[in-house]
Amino acid sequence: MVRFVGSDPIGMPLKRKQVPHACDRCRRRKKRCIHTESRVHETTPSSSTLTSPEHADNPVQPATLQGRSGNHSPASSESSQTRIPSPNYSSNRDADKTSSAPQNETKHANVHATPFYGDLNPEAILMEATSLCCRRDVSAPGGVGIWQAPMPNRPISHDSNISGLQSSSRKAVQDLLKSYLWKYCLSCRPPSPDYDVLRRIYFEKMNPIFPIFDEHPPSTPLDEVTEILVQQVVSLAAASDPEATQHLRVQVGGPLLTRQDFNARLSHSVLTTLDTGLVTDRVWLTRLSAALSLYTQPTSPEEADIPAQLNSRAVHQMHTLGLHMAVDDRHEKRDMIPTIFCCLWALDRITSAFYGRACLIHERDVGWNIEECIRRQAPPFRLLLMIVDILERVINLYRPGTRQEDKPAVIVIPTFEQMIIDAEALRLPSSCLEVFYHSVAILSTQSPADITSSALPSPAVNSRRSLSADRITSIIGEEFAGQLTYMPLIPYGVSLSLSVSYRKMRHSKVPMFRTRGKQMFKKNTLILKSMDDMFWKSKTMVAMAEQVLNEMDRAVASLAQENGLTDFPKRVEPAHHGERSEAQPEDRTLDYSMHNMMDGGNEWMLFDAVPDLDVFGHFDPRFDLGAVDAALDGSLEIGTSTNWFDWQQQWL
């Protein structure tokens, strides 16, 4: 038999109290008397202070709530059912309490039901020891549990369904940020006339290549916040086109902004809005994260990993929605789902190449037939996916432990012309896909692990890299100069071409090849400089390349004097230097005009006198040539390309 011993508020056991006589009514009915016990407990201090406030008029507690704990012994349960009437429960034996029940319900309508926890419930032990608001039950000698403090009802609002879906703290933060977002973030977008031009540029030149958005309005209208975010991302992507230069405004009647300021304001506005969680539609959250990952540009080293983070968010939402799993042909979104999946699959591989990240989407986890999905896409997008499919095989060359020891690795790839025919993309909206193809071709060859960068490359590696690098420079600098829509694929290709020309200029033993490498190095520097107001990587690489060229000129002039070529500076001075306008400042920085590049290499007549001269060996010891080698050679290694965002601290 288990005996429950009562305790006072400090936990000390109470003395046993016995009732000497039953009341007259119970004595006549020959029933156990509880009226004398109630009067005894009501007169004790613990009874008057520990009774729940909401039951001050009736010190006994409802048996229905006591049953919530489910931890009473049969004896205590039976006792409770016979001795504990409820304030809202009319007892046949106590007819006077029947009339008081409605009044009690009205009196306590604004208070939550008070939870009861029996003594056999472990939660009751912890609550009684830690909570100052709980009250001990006094319906029986010593009590059988505790009552939790009453909680007032919250007013019912129209947002109750939203509160049930998200935590109260997140909802509170969103409410605090809404006014800020509408004032500073969602209001930062081009006026309607400027946006119409930017939208046309985006859907004519960029969306066919990466169709993350639908050109036609969706069947279900978007909420206002999502619609504004789509406008901001579209404007951000189209700002890189030369035609958009006169439409870079973020408010009606506002000043015309530079591409860098325009992109920075829109990027920060979209990122801030997405971080607040106001966009609840996961499909649009996936689309916005993917588009922003491709088109946003960091502005500082702290923001350098934001594109990769956005790609991770998009892939996370894709897995949450199950977009990577195949759907039936009768599905209403049968055409949309494969397109979004292909965009994310391509973006995942591009992010891996750009930032040296591991791929997050693996074919073994995908329910779609990727080749079938590629064939079902529109021709320009299909061509991009075919190039990305080659890039996926190229990435395998750079995985840890896969480099071959004795021979170079070369992936056989089809010609770009054949790929255009296979993709039926005879009318391309832009030549950036050709630049991307040659970028992948540069990476599709890999030298053996035992060959250092100072040695001659293998014939297969050298020929493919040199031809692809020259083709990239020719497309951007000559054929389509000032006409290309500068998607992020463009500066990536130019940076690879710059690395190839640097390696030729740095390690070649033939003066003619070193001269040719320097000319290509200068051309690529000029191309990147024309894009440094849009792409932060271009700005960083231009700063580093210009310092290399300045140091080379200083070393050449110093070597010429050491070898007795005192008239060398006069002989190598280009004829157009004397034709400069007087308004040009005379400084020691290099002026890389196209005319200067055509004459580049005149100073290399020094090698006619000293053929075996190593200019890089005569650099100033304070110049960190090792960092330059690591940066530019690292661009040709996918696994180390993520280090580029650290260069700004050293070169800018």
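Start by selecting helix 15, residues 336–355. This helix gives 5 residues to the lining of the largest cavity, the largest share from any element. Keep in mind as you go that you are looking at a predicted model.

**Stop 1: the largest cavity**

With helix 15 still coloured, add helix 13 (282–295) and helix 21 (489–507), since each of these three helices supplies at least two residues of the lining. The space they help to line has a volume of about 190 Å³. To put the middle of the cavity on screen, show Gln 297, Phe 354, Tyr 355, Pro 488 and Lys 537 as sticks: of the 15 lining residues, these are the closest to the centre. Now colour the lining by residue class, and you should find 11 nonpolar residues, 3 polar and 1 charged.

Stay with two of those sticks for a moment. Phe 354 and Tyr 355 form an aromatic pair of the edge-to-face kind, with 6.2 Å from centre to centre and 65 degrees between the planes. Are these two residues buried or exposed? Both Phe 354 and Tyr 355 are buried.

**Stop 2: the second largest cavity**

Keep Gln 297 selected, because you will need it again here. The second largest cavity holds about 110 Å³ of space. Its lining has 14 residues, and the closest to the centre are Gln 260, Gln 297, Pro 298, Thr 299 and Met 534. Next, select helix 12 (259–275) and helix 23 (536–562), the elements that give two or more residues to this lining. Helix 12 makes the largest contribution, with 5 residues. Colour by class once more: this lining has 5 nonpolar, 5 polar and 4 charged residues.

If you would like to keep exploring, a search of the whole structure finds 7 cavities of 30 Å³ or more.

**Stop 3: an aromatic cluster**

Go back to helix 13 and add helix 10 (residues 192–206) to the view. Then show Tyr 202, Phe 203, Phe 213, Trp 284 and Tyr 295, which ring pairs link into a cluster. The model has 12 aromatic pairs in total. Zoom in on one of them: the ring centres of Tyr 202 and Tyr 295 are 6.4 Å apart and the planes meet at 75 degrees, so this pair is edge-to-face. Tyr 202 belongs to helix 10 and Tyr 295 to helix 13, so the pair ties together parts that are 93 residues apart in sequence. Both tyrosines are buried.

Before you leave the cluster, add Arg 287 to the selection. What does its charged end sit over? The charged end of Arg 287 sits over the ring of Trp 284, 4.7 Å from the ring centre.

**Stop 4: helix 27**

Now jump to residues 625–634, which make up helix 27. How many of its 10 residues are buried? The count is 8, so to speak a mostly covered helix. To see them, select Leu 625, Ala 627, Val 628, Asp 629, Ala 631, Leu 632, Asp 633 and Gly 634. Two aspartates, Asp 629 and Asp 633, are among these buried residues.

**Last stop: the whole protein**

Zoom out and switch to cartoon view. The protein has 28 helices and 5 strands. Of its 652 residues, 49% count as buried. Finally, consider contacts between residues at least 6 apart in sequence: 73% of these join residues at least 24 apart.

How values were computed: Residues numbered from 1 in each chain as written. Predicted model: local features only at pLDDT ≥ 70, side-chain atom pairs only at ≥ 80, totals over all residues. Heavy atoms only, no water. 1 Å grid on protein atoms, 1.4 Å probe; cavity = no way out; pocket = protein on both sides within 12 Å on 5 of 7 lines; lining within 4 Å. Points joined across faces, edges and corners; volume = space filled by probe spheres on them. Helix = DSSP H or I, 4+ residues; strand = E, 2+ residues; numbered from the N terminus. Nonpolar A, V, L, I, M, F, W, Y, C, P; charged D, E, K, R; others polar. Buried < 20%, exposed > 50% of the residue type's maximum accessible area, 1.4 Å probe, protein only. Phe/Tyr/Trp six-rings, centres within 6.5 Å; stacked < 30°, edge-to-face > 60°. Lys NZ or Arg CZ within 6 Å of the ring centre and 35° of its normal. Contact = heavy atoms within 4.5 Å.
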